[in-house]
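This report looks at how two protein chains meet a DNA strand and each other. Please view the structure below before reading on.

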Protein chains: 2
Amino acid sequence: MAIAKTEEFTQEAVYLADIAKALSHPARIQILKILTEMDVCMCGDIVELLPLAQSTVSQHLKELKRVGLIQGDIEGPKVCYCINSSSLKKAYEQIQKLFNQLTKGGSKSCETKKK
Amino acid sequence: MAIAKTEEFTQEAVYLADIAKALSHPARIQILKILTEMDVCMCGDIVELLPLAQSTVSQHLKELKRVGLIQGDIEGPKVCYCINSSSLKKAYEQIQKLFNQLTKGGSKSCETKKK
DNA sequence: ATCGTTCATCGCAAATATACGATAAAAGAA
DNA sequence: TTCTTTTATCGTATATTTGCGATGAACGAT
């Protein structure tokens, strides 16, 4: 109330939701970890580490690429995927900003709000 | 290679993906912000701040409640929603853990991996 | 030119998600 | 009891997601 209905969502919320969507599948979380922790980058290698078909892994890679969290360098018939550090960093900063707001937000517990 | 196919996903990845799924819609991001920034807690109040029908907002609240990020205290016919600080904190810690791993992961760029 | 490797895309099926209006349930107020 | 307020749930429609096998495209090697 007082604050007018936005009729849309904020840019910040749309961005964060989009990043969250890209992270909303266990396979995609694990792909990101595989790309950082292991000396591996090819789609085929990732397929061997996940219980999914090649075409499915390819789709997950596409989704991660869509939001910019990873990038793929074409190497002849192969593609070398890797983390896009700057995008990842930007995403993390926005996530931190969100959670800092959510956690600092004075102890407005249910008890406090009840009137 | 070397590491056997898991045949499933890790517990950590499943948990993080579930939290991310709850955050994967702009309305739900904004609901969390509304609950922390404004002195508001009722479903009806939130409906007025979002371009969505009451039943839709109720569904979003249900999804946030499902993963424990918020809780709802019944107040007669009303329900006072608020952030569940401990769950939110736990989620944030896991997210920080993930991103710290992803960002620190030595500069294994595509260039580095190409062999 | 043909083969093998690697990956993306197509086509399809099943499951989920999103959204709304209508209705039900719960509880205080008249 | 009946009305009002508030929220959840039902039913429905549409869109998106997830997954797979099959196929196609790109390219190096033979």
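Leaving aside its neighbours within four places in sequence, which residues is Lys21(A) in contact with? They are Arg28(A), Glu63(A) and Arg66(A), together with Ser24(B). The model is a predicted one.

Lys21(A) sits in helix α1 of chain A, which covers residues 11-22. Lys21(A) counts as partly exposed because its relative accessibility is 35%, and partly exposed means between 20% and 50%. The C-alpha atom of Lys21(A) is 9.4 Å from that of Val67(A), although 46 residues separate the two along the chain.

**The DNA strand**

Lys21(A) is also among the residues that come nearest to DNA strand D; the others named are His60(A), Gly44(B), Ser58(B) and Tyr81(B), out of 22 residues around the strand. Of the atoms of DNA strand D that come within 4 Å of the protein, 60% belong to sugar and phosphate.

Three residues of chain A have a listed distance to an atom of the strand.

| Residue | Protein atom | Atom of DNA strand D | Distance |
|---|---|---|---|
| Ala53(A) | backbone N or O | phosphate oxygen | 2.9 Å |
| Ser55(A) | polar side-chain atom | base oxygen | 3.3 Å |
| His60(A) | side-chain N or O | phosphate oxygen | 2.7 Å |

The elements that give two or more residues to the surface near DNA strand D come from both chains: α4 (54-66) of chain A, and α3 (43-49), α4 (54-66) and β2 (78-83) of chain B. By type, the residues of this surface are 8 nonpolar, 10 polar and 4 charged.

**The two chains**

How many residues does each chain give to the contact between chain A and chain B? Chain A gives 61 residues and chain B gives 61 residues. Between them the chains bury about 5,600 Å², and carbon and sulfur atoms make up 68% of that area.

The interface of chain A and chain B holds 2 salt bridges. In a salt bridge between Lys33(A) and Glu12(B), the side chains meet at 2.8 Å, N to O. There are also 6 residue pairs in polar contact across this interface, counting pairs with both residues at pLDDT 80 or more.

On the side of chain A that touches chain B, two or more residues come from each of α1, α2 (26-37), α3 (43-49), β1 (70-75), β2 (78-83), α5 (85-104) and α6 (110-113) of chain A. The largest share is that of α5(A), with 10 residues. This side of chain A divides into 32 nonpolar, 12 polar and 17 charged residues.

Conventions
Residues are numbered from 1 along each chain as its sequence is written. Chains are lettered from A and ligands numbered from 1 in the order in which they are written. This is a predicted model: local features need pLDDT of at least 70, side-chain atom pairs count only at pLDDT 80 or more; totals for chains, interfaces and linings use all residues. Side-chain values use heavy atoms; hydrogens and water are left out. A residue is near a molecule or strand if one of its heavy atoms lies within 4 Å of it. A polar contact is a pair of N or O atoms within 3.5 Å; within protein, one must be able to donate a hydrogen and the other to accept it, and residues adjacent in sequence count only if both atoms are side-chain atoms. Helices (H or I, at least four residues) and strands (E, at least two) are DSSP runs, numbered from the N terminus. Ala, Val, Leu, Ile, Met, Phe, Trp, Tyr, Cys and Pro count as nonpolar, Asp, Glu, Lys and Arg as charged, and the others, Gly among them, as polar. Buried means under 20% relative accessible area, exposed over 50%, partly exposed in between (1.4 Å probe, protein chains only). Contact means heavy atoms within 4.5 Å. Buried area is the accessible area (1.4 Å probe) that two parts lose on being put together, summed over both. A salt bridge is a side-chain nitrogen of Lys or Arg within 4 Å of a carboxyl oxygen of Asp or Glu.
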